[in-house]
Each structure stands twice: as structure tokens, then as C-alpha cells.
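Okay, thanks for making time, everyone. I'll talk through one structure today, so let me put it up on the screen.

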Protein chains: 2
Amino acid sequence: MTLLLPDLELVKTITKPSPDKIVLLIIDGLGGLPHPQTGKTELETADTPNLDQLAAEAICGVIDPVSPGITPGSVPGHLALFGYDPFSCSIGRGVPEAVGVDFPLESGDVAARGNFCTVDETGLVTDRRAGRISTEKCTELCHLLDGLVIENVEIFVSLVKEHRFIAVFRGEGLEPDITDSDPQQVGVAPKPITALNPQAGKTANIATQFIAQAKATLAGHHPANMVLLRGFSQRPQFPTVGEIYKLKPAAIASYPMYRGLAKLVGMEVLETGNSIEDEMATLKQNYADYDFFFLHIKGTDSAGEDGDFDRKVKIIEQVDRALPSLIDIKPDVLVVTGDHSTPALLRGHSWHPVPILLRSKWCRPDKVCQFSESACSSGGLGRFPAIHIMLLAMANALKLTKFGA
Amino acid sequence: MTLLLPDLELVKTITKPSPDKIVLLIIDGLGGLPHPQTGKTELETADTPNLDQLAAEAICGVIDPVSPGITPGSVPGHLALFGYDPFSCSIGRGVPEAVGVDFPLESGDVAARGNFCTVDETGLVTDRRAGRISTEKCTELCHLLDGLVIENVEIFVSLVKEHRFIAVFRGEGLEPDITDSDPQQVGVAPKPITALNPQAGKTANIATQFIAQAKATLAGHHPANMVLLRGFSQRPQFPTVGEIYKLKPAAIASYPMYRGLAKLVGMEVLETGNSIEDEMATLKQNYADYDFFFLHIKGTDSAGEDGDFDRKVKIIEQVDRALPSLIDIKPDVLVVTGDHSTPALLRGHSWHPVPILLRSKWCRPDKVCQFSESACSSGGLGRFPAIHIMLLAMANALKLTKFGA
């Protein structure tokens, strides 16, 4: 793997438009670990004739999402896929969640991702998702909390989906560097929010008061009798994908966070449905109007997080069955990979490398003819950090000029 | 240009304790070059059923100790293994040698590694090691030189082993940026010591006077009739392995320099004997009390430096035969590799990648079933810089939290 990276300002000087179109298909949490009984990962277990055919025509490899050993969250995982250094371009979860549900985030606003959760009579969290309450119930609870004003700071609470919401704090002098209240486990109390620097003291104080008021308001709404907040953040200032790569980019994602993240890097987010087939249809309908498509599949990651090996296998097979409609479009450059591994055995994101295939007229195919962790690890792309994917895709689309004399 | 590595401050934010234990077995100078008559390296020639079995159960690869093409000294080679950037965390040889023999090094002291050597009547070096004089003789000569005072600078001279000693300069305004007197070859005169910056002028001057006095004192002690100094350095300020990784680390090494290096990065250095079996026994006796073990085998490097292919093969076989006592302990994460290659054919350290195996419950094994340069180069870990090893080991021990939202 290489450690040399051009910075984005340099990249801008070598990108150029071309007629070629790029499709980046991200199967979230794609990589896995072998099932103890079969020795095969989720991807190796799944029947995937279309992915295998693509692998045979492509050059393959494995990516380290961020850096070897690091388990990335969804935000750094995707920032690296779009070519941003995930160490210097970090953003908290709140902002992409808020942008993803079209909240009109203003400069200076501090956004947090929220969960309605269940606490017992001693205040310990017994369910971080309040039994995954319905979206209707969540809407009702958001209304109860929305519009509070604490010390001249307005607090907006908006629905995301099921138990998920966003809280946006708007007022003078707010700083996002405060800790989460979400303990990320059950059996313990929500964590106190503390300021990570002196400037953020006011925000920490107001967030703490908000949580106390929310607890009082929700007292009679068991199982959704408490809130957990995490990922306090402000809108970052990144150069957009359009500016860096001279692309007209579109995003197809059903889950709000990924829609938000795509907007934050300057992609147009297309309306689509909830199924893989809906997303493929959206690609087909809009193919003429953009030259870069980020297509995001969420179900694989959710199944992995639930520890459901068989469901993850089935979703990979669904993706495979939906692929012909994408292949028929004949994208000039097609990249298929994931933002990180989510092995069902670990019930969460992990550090393991993720298989990747890149098919184009100019890809110099290798001998790999199966899309799997083990087969791709001997592919022609070798093992490399995900941050290089965008320039590889751009090169294969003949969208990069020569660097240097 | 960006180096895609988390800095140590960031690493601190994602490390957490876990019950799992990590053993890092370093076979010094492990990598080699093929024997012209057999086409096999030292490791490929050795009969290593236990290492091969481990390779079969592990994920394998090859590491670049520092960076492709770079031949590292022992210090940068080991700093990279412990996760420190060897370009920014450089330290000269003097400090770890001094700390390794338990010299009470104070802040501001400048330490150098010394050799007693032989010079002829014209002053040319004829043997850099004075015929490897005995440790007893070295003790006697160190006493002759110890305790000199030159311009209010005290000079301490202490035994290391055989022809090796340390010289420590203590006084006001000493700076370590001066050149070595050791020419690293015979047939030439010792090199004059010069200051690499104006602040170091005083140190260069005093070191030069010390060498002149030593030469006068040693005149009648042929073959040990001169000294060579190198690696002038001061104690560095690194965050410790305990601080960065939240580990309780122990080091098992018989050679003083490696004990010193381990102390400098905050490991507890365990008493052990000189044989591989002694080191393995020390691991077993102390296994309950620490959660990270650095176990260092020196013989392979020495044999390579002596150009003794067959002895290096034998020492690798000794390591293999001693392995069952390590394997019986069932370390949760076991990493076996070297700090660099020392091919007998080159009679010295080299830049060639070094095989690595990592075995854990979560390692995602590959198809490699032989621990060798050629077999590991097609392993699932691919080829990567050694600096990533610590985070990979930490990840496999479930000692890293998710990075980012």
C-alpha cells in the first residue's frame, strides 16, 4: 500500500471533464468474516453470478477503508470513498443526519443525532432504541420536544426514522466540541455531556438542560422515556466533488444520513424508493443527466450489525439479482465495494479490508473471477487505502491529465 | 502530500482496554535472500513445522520495516514495530544502549555507544571490535576511562558487553547533534567529530578531547588501543505504549539495546536468560501480569551480520522448536515477524520486506500455509509498512473503538 497522496488542491489541477460516466456502487458493510461452520464469509456464501462475472471482467483488490486496523464509522468510511482524507476532514454524525432530512442548517448551528431510548427507574439505559418505536410515534414525540428555548438558544427537534431524530441548537456562541450522552451500551446511565474546550462550555450546559427537560417531558411515554444525543457538529467547509473532480455528481441512497453526507460534499441527491430495485431504477432514469453516481445499499450493514449472517447473505444476493439493470446501462467505469466490513460475527463495523472491483475499458483486468474477500486479495489492485478509489475511477474515465512535465 | 496514518494523539482517543493479550514475537533480521545454490532463503531452508502451522491458521503478509528501499537500523526498525513514526521519532543509538544497561540517564545527558577497537601505528582502524575482547577486559578498560572531567563536563563510561560500552556526557549546555567517530569500516582512520549545528560545538569539542585522552590511556592495551563513538543522543520525549494503547506492556529481550528501547517506550523489562528457551519461560511465568509482550530474539540478526547462512537457519529452527511453549499459552493475538531483513549474503541489515503472520480469533485467515518470504507475499495482509502492525494487533484484540461517527 502506498502512503503518498496528492492533496485536493493538486487534484483540482489535473482533473478534466470527459464524456465517460462513473458509477460507484457502495454495498455498506460488505466485508465479513468466515462462518465457523463453513469457513466462508457472507459474500463467499452468497450466490452472486453477476458480481462474479463483473469481477472476471474487472481489476480487483481489497481496500483498507481508512488505515489498517482502524474501524471506521460511516462518515469517515464514506469521506475516504469520495477522496477526502478522513483524518483531516472529520465531521460528527449530527450534521449529515440533519442535512439528510433536509433540515435548513444554518452556519453556526450545532446538530446532534438523537435516539429515543428506554431507561429504567434507576436511570440505566435498558434499550438504546426504545424498542424501535414507529416513525409515527417518533413524529409525535419530536413535536413534544421541538421549539424549546433555553438561554436564548432555540432547539429544533426533527424526525429521522423510527427511534432516530436530530436536535439542532441555534444561538450565539455555540461550539460543537462536546461529548456524547449516548453511552453506546445498555445497563449504564446516559453519560454527562462535557465541554472538550472552554469555548464549548455554553453548548454543553444547554445540551444538558435540554436532556433534563426531555426526560421530564417523556416520563409517561415508556418505552420512549429518554433521549440519547451524539455527534454534535457544525457544517464543515469542504471543497465539493464538483469543484475537485469537475464532475456533475448524483447520489442515490434511501437512508437519510448518506443522503446528507452526499449533499455535504456537493452531490445532487435524487428521489428514490426504499428497495434496491428502486435505487437501480432511479439510476437508469437519471443516467443521461449526470456523469458520476454514488449508489448506496444499506441493508447489508444493518444485517451485519444485527449479527444476522443469513440475512446479510440474502441481501447480497438481492443486490446481485438487481445488477443486470445497472450492467445494461453500460457505465464506462463501474466500481463495486463497501465503506467498511460489518461481519455478522462481530455484530458491528470492523477493520477488515473490503473487496473492490473496477471495470472499465482501460482497467487492465486480472485473473480474479470471483467477487470475494479471498479472491480479491490476490487481485491486480492489491491492497490499498480507499482514499485512492476516486482517482483510480477518474483515471479509468480518462478524466485526469498528466501530472507534471 | 499526506501520510495516511492516524497520529498518536488520535490513536489515544480510540484505544480501550480489553481482556485479550497480545504477543509480538520479533525474530531480529528475519528476512533473507535466496542461497545461490538452492534458491531458498534462510527461512525457506529452515525446517519450521510450528511456524508453518501458525501461518496456516493466521493471516499473513510482508512488511516494509520503514519504507520501501530503506534499510533501517535497529532503533527505527523497532520504533515502527511499536507504532511510532520512525522518521519523526528518531533517536540515536546511545540512549537505548545506556538505558539498556540501567545507566541512570538524566535529562540533558548526551549518551553515545562506544566500541573498543584496534588501530595500527598510523592510526588506521584494523578491527572495529578489538578482536571481541572479553567482558572482563572491557570492564577493566571502562574503569580506566570512567569519571573523567573535561571543562566541567563529567564523562561516565560503562560496560555493555564484550567490546561494547557507553559513554555519557553530563554538564551544562550539551547538545547531541554531532557526528560519529566510528567510520563503520576498517582501513581508515576514526572520523573527526563535528557539530551539526552551532549549539552542538561544545559537545563536539569535549567528545574530541575525550577520544584523545582515551587513546593516550589505552596506548598499552593492544588490541583495545582506541575507542569509536556513535549515536550521540539525548533521552527523547515519547508518549509511552501504556499511554497510547492503554496496555500494560512487558519486554523480554536478552540484549541490552532492546531492553533499553523497550524501557524508553514505557515497557517493563522482565529479567530473563540468554537462550530462546529462557525467554519463552519468562513469557510463561509472567503471562498473567501483562496484556502485551514484546519478545525479542537476537541470534538471527547476528548470524546474518556474520554472513553465516547455516547458523541463521539453525537459529530459526531453534525458535521453531521453542514455539510450542508459546503456543500452549494461547495468546489471543500472536504476531510473528522481524524488525528488518539481515540476509547472510549481504552480511548486514537490508531493505527487503519481512514476512509477518497474525493469528487471532478475528484475523480472517488466508490460504498461506508456509511462513516464508515467498508464501507470505501472497497473503491476505498484502505488503504494508510495519508501523501499522500495532493497530492491526490492537484491532484483533478488540482494543480499538470505532473511529468517527
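Let's start at one small spot in chain A: just after helix α9(A), Gly266(A) takes a positive phi of about 90°. Before going on, keep in mind that this is a predicted model.

So what about the helix that comes right before that glycine? Helix α9 of chain A spans residues 256-264, and it's mostly covered, with eight of its nine residues buried. If you want to click through them, the buried ones are Pro256(A), Met257(A), Tyr258(A), Arg259(A), Gly260(A), Leu261(A), Ala262(A) and Leu264(A). Yes, there's an arginine among them: Arg259(A) is on the buried list.

And what do the buried residues of α9(A) pack against? On the helix side, they pack against α4 (74-81) and α5 (94-100) of chain A. On the strand side, the partners are β6 (153-161), β9 (249-253), β10 (268-269) and β11 (292-297), again of chain A.

Okay, salt bridges. How many does a search of the whole structure find? The number is 37 over all chains. Let me pick out a few.

First up, Arg170(A) with Glu106(A): the closest N and O atoms are 3.4 Å apart. This pair links distant parts of the chain, since Arg170(A) sits in strand β7 (residues 164-170) while Glu106(A) is in the loop between α5 and β3 (110-119), 64 residues away. Is Glu106(A) buried or partly exposed? Its relative accessible area is 43%, so Glu106(A) counts as partly exposed.

Next, over in chain B, the side chains of Glu140(B) and Lys137(B) form a salt bridge, 3.4 Å from N to O. Here both partners lie in helix α6 (residues 135-145) of chain B, three residues apart, which is about one turn of the helix. The general point is that an α-helix has 3.6 residues a turn, so residues three or four places apart point the same way. As for accessibility, Glu140(B) is partly exposed at 38%, and Lys137(B) is partly exposed at 25%.

Another one in chain B is Asp308(B) with Arg311(B), at 3.7 Å from N to O. Asp308(B) is partly exposed, with 28% relative accessibility, and Arg311(B) is partly exposed too, at 31%. Over in chain A, salt bridges that share partners join Arg132(A), Glu162(A), Arg164(A), Asp306(A), Asp308(A) and Arg311(A) into one network.

Now for the interface between chain B and chain A. In terms of contacts, 28 residues of chain B meet 38 residues of chain A. The two chains bury about 2900 Å² between them, and 66% of that is on carbon and sulfur atoms. How many salt bridges are there between chain B and chain A? Zero. What the rule does find across this interface is seven residue pairs in polar contact, with both residues at pLDDT 80 or more.

Which elements of chain B supply that side? α1 (8-14), β14 (382-385) and α14 (389-396) of chain B each supply at least two residues. α14(B) gives the most, with four residues. By residue class, the side of chain B that touches chain A divides into 19 nonpolar, six polar and three charged.

Last thing: how do the two chains relate? Chain B superposes on chain A with a rotation of 125° and 0.0 Å of shift along the axis, at an RMSD of 0.1 Å. That's the relation of a three-fold axis.

Definitions and conventions
Residues numbered from 1 in each chain as written. Chains lettered and ligands numbered in written order. Predicted model: local features only at pLDDT ≥ 70, side-chain atom pairs only at ≥ 80, totals over all residues. Heavy atoms only, no water. Contact = heavy atoms within 4.5 Å. Buried area = accessible area lost by both parts, 1.4 Å probe. Salt bridge = Lys/Arg side-chain N within 4 Å of Asp/Glu carboxyl O. Polar contact = N/O pair within 3.5 Å; in protein donor to acceptor, adjacent residues only side chain to side chain. Nonpolar A, V, L, I, M, F, W, Y, C, P; charged D, E, K, R; others polar. Least-squares fit on C-alpha atoms with pLDDT ≥ 70 in both. Buried < 20%, exposed > 50% of the residue type's maximum accessible area, 1.4 Å probe, protein only.
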